[in-house]
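Good morning, colleagues. I should like to take a few minutes on the salt bridges and one helix contact in the structure that now comes up on the screen.

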Amino acid sequence: MFAIRDVRSLISETTEEGHGLKKAVGSTQLTAMGVGAIIGTGIFVVIGEGAGVAGPAVILSFVLAAVACAFSALSYAELASSIPVSGSAYTYTYATLGEIVAWIIGWDLILEYGVSVAAIAVGWGGNLNAFLDSAFGVALPDAISKSPEDGGIFNLPAVFIVLAITALLVRGVTESARVNLVMVGVKLAVLLFFIVVALVNFGTGNFQPFAPSGVDGVTAAAAIIFFAYIGFDAVSTGSEEARNPAKDLPLAIIGSLIICTIFYVLTAVGAIGIASPAQLEASDAPLAAALDEGAGISWAASILALGAVVAITSVVLVILYGQTRIFFAMCRDGLLPQRFATVNQRYGTPARLTIVLGVLISVLAALVPLSEIVKLVNIGTLFAFVLVNVGVIILRRTRPEMPRPYRVPWSPFLPILGVLFAVYLMADLPLSTWIRFLIWLALGLAIYFLYGYRHSRLRTPGPDGGTPSWARDTTPETPPPGDPR
């Protein structure tokens, strides 16, 4: 159960006929994927909650949350550049902690990403209605825009956006990356519009007192705001499709986090400059409220609502993309049915797998109550952060000779800080979330022992009864430093 996949065998299987993904994205597109996954409803909504807790010091909370993410981002960057294989934390854990732990995190990520897409799709429908209402004075009927839990029949907008994104992902990663790049440009332009208008109407009166709740308020708000940064890890799921993973992946992971931090901090400063923390906290759309009440620009609500729709669309795209690549890696390893790991020769994508997941998630978004289960997203992400940071420390000891195009500085100090930050935030989650997480984990372990363990490619003999060809170490040894090779 604790068998570890050799890194070179993991890399060599990406060239296997019918199971290898097309290398089609560069650093700009990968960075846009990170920004696309991070900037969503978080900045458009969570800033109000944070301001209510920390007051104007919510600006520091954004910085603190970014620092907490940065430690894990550095670890993701090292492993993504060293192991350019689909699967993200699942694959990294397979190479460091063993198959059973890899299965646990992979199973956890399936839930995290799947529930995320469904929940975000529901939010997309709500924001679409808000945009239609503010811009045109119309809205979709509740019967086809809300789930049965909220008094509707099914959520048609949520189904539409999931199936539309599914079709785009089937078509190809290049096309998906291009569309995402356009959407990222639009939502950054909307945030830039807000920042410029806020700075033109800026005042300092709302900054006193700066930290009414002291340090405790800043850290409590940072715990809330932390989840506005989640998404940079989705970049690592595209490792196998990067043209130059050694260079592009670290740049995209760290770059997307830096870009989002700059926009988040400037947005927070601008919001406090034109609206009080109480005004921001009282609104479900705090940025639109700030422009309306603070700057007197009522029509800006339509622009912010459009920005939210575009922002959420790109989040659905990137998170669903990550979900398919993690599932693909688990299927290719035999822990789940291998027939789903077949790559469509025309599009270069796991088309069958993408369609199945898209249909299942659309049903979830249309009908299933998500108000409680969505909390599992948080614990799943933090659990992945812990294992990735631990993986960096372990690989540094077990495979010191492994090529590392990017190295986490001051290891193991910074990875340990990443673990501590994640554990601290996990400990603050409610008991009900832990219980649901353990139930999901128990279901996953049952599937592993009944199917995954017996069908794992680690235990599947080759045609001659010996080591399967995909697992044979055919990668030449790393040349010593200074060797012209």
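Arg399 is a buried residue in this predicted model, because its relative accessibility is 14% and the limit for buried is under 20%. Its partner in a salt bridge is Glu401, and between these two side chains the closest N and O atoms are 2.4 Å apart. Glu401, by contrast, is partly exposed, at a relative accessible area of 45%. The pair does not stand alone: through shared partners, salt bridges connect Asp6, Arg399 and Glu401 in one network.

How many salt bridges does the count come to? The count comes to nine. I shall discuss two others individually.

The first topic is Asp333, which forms a salt bridge with Arg5; here the closest N and O atoms are 3.1 Å apart. Where in the chain do Asp333 and Arg5 lie? Asp333 belongs to the loop between helix 13, residues 300–332, and helix 14, residues 351–367. Arg5 is found in the segment before helix 1, which covers residues 7–12. The two residues are 328 residues apart in sequence, and the pair therefore ties together parts of the chain with that separation. Are these partners buried or exposed? Asp333 counts as buried, with a relative accessibility of 2%. Arg5 is likewise buried, with a relative accessible area of 3%.

The next pair is Arg171 with Glu175, whose side chains meet in a salt bridge at 3.6 Å from N to O. Arg171 is partly exposed, its relative accessible area being 42%. Glu175 is also partly exposed, with a value of 26%. Both therefore fall between the limits of 20% and 50%.

Glu175 lies within the residue range of helix 8, residues 173–200, and that helix is my final subject. Helix 8 packs with helix 12, residues 286–294, at an angle of about 35°, and the axes of the two helices are 11 Å apart. The crossing of helix 8 past helix 12 is left-handed.

Which residues make this contact? From helix 8 come Leu191, Phe193, Phe194 and Val197. On the side of helix 12, they meet Leu287, Ala290 and Leu291. By class, the contact consists of seven nonpolar residues, with no polar and no charged ones.

To close, I would leave you with two images: the salt bridge of Asp333 with Arg5, joining parts 328 residues apart in sequence, and the contact of helix 8 with helix 12, with its seven nonpolar residues. Thank you for your attention.

Conventions:
Residues are numbered from 1 along each chain as its sequence is written. This is a predicted model: local features need pLDDT of at least 70, side-chain atom pairs count only at pLDDT 80 or more; totals for chains, interfaces and linings use all residues. Side-chain values use heavy atoms; hydrogens and water are left out. Axes are lines fitted to C-alpha atoms, for helices over the stretch in contact, and angles run from 0 to 180 degrees between N-to-C directions. Helices (H or I, at least four residues) and strands (E, at least two) are DSSP runs, numbered from the N terminus. A crossing is left-handed if the near helix is turned anticlockwise from the far one by less than a right angle, and right-handed if clockwise. Contact means heavy atoms within 4.5 Å. Ala, Val, Leu, Ile, Met, Phe, Trp, Tyr, Cys and Pro count as nonpolar, Asp, Glu, Lys and Arg as charged, and the others, Gly among them, as polar. A salt bridge is a side-chain nitrogen of Lys or Arg within 4 Å of a carboxyl oxygen of Asp or Glu. Buried means under 20% relative accessible area, exposed over 50%, partly exposed in between (1.4 Å probe, protein chains only).
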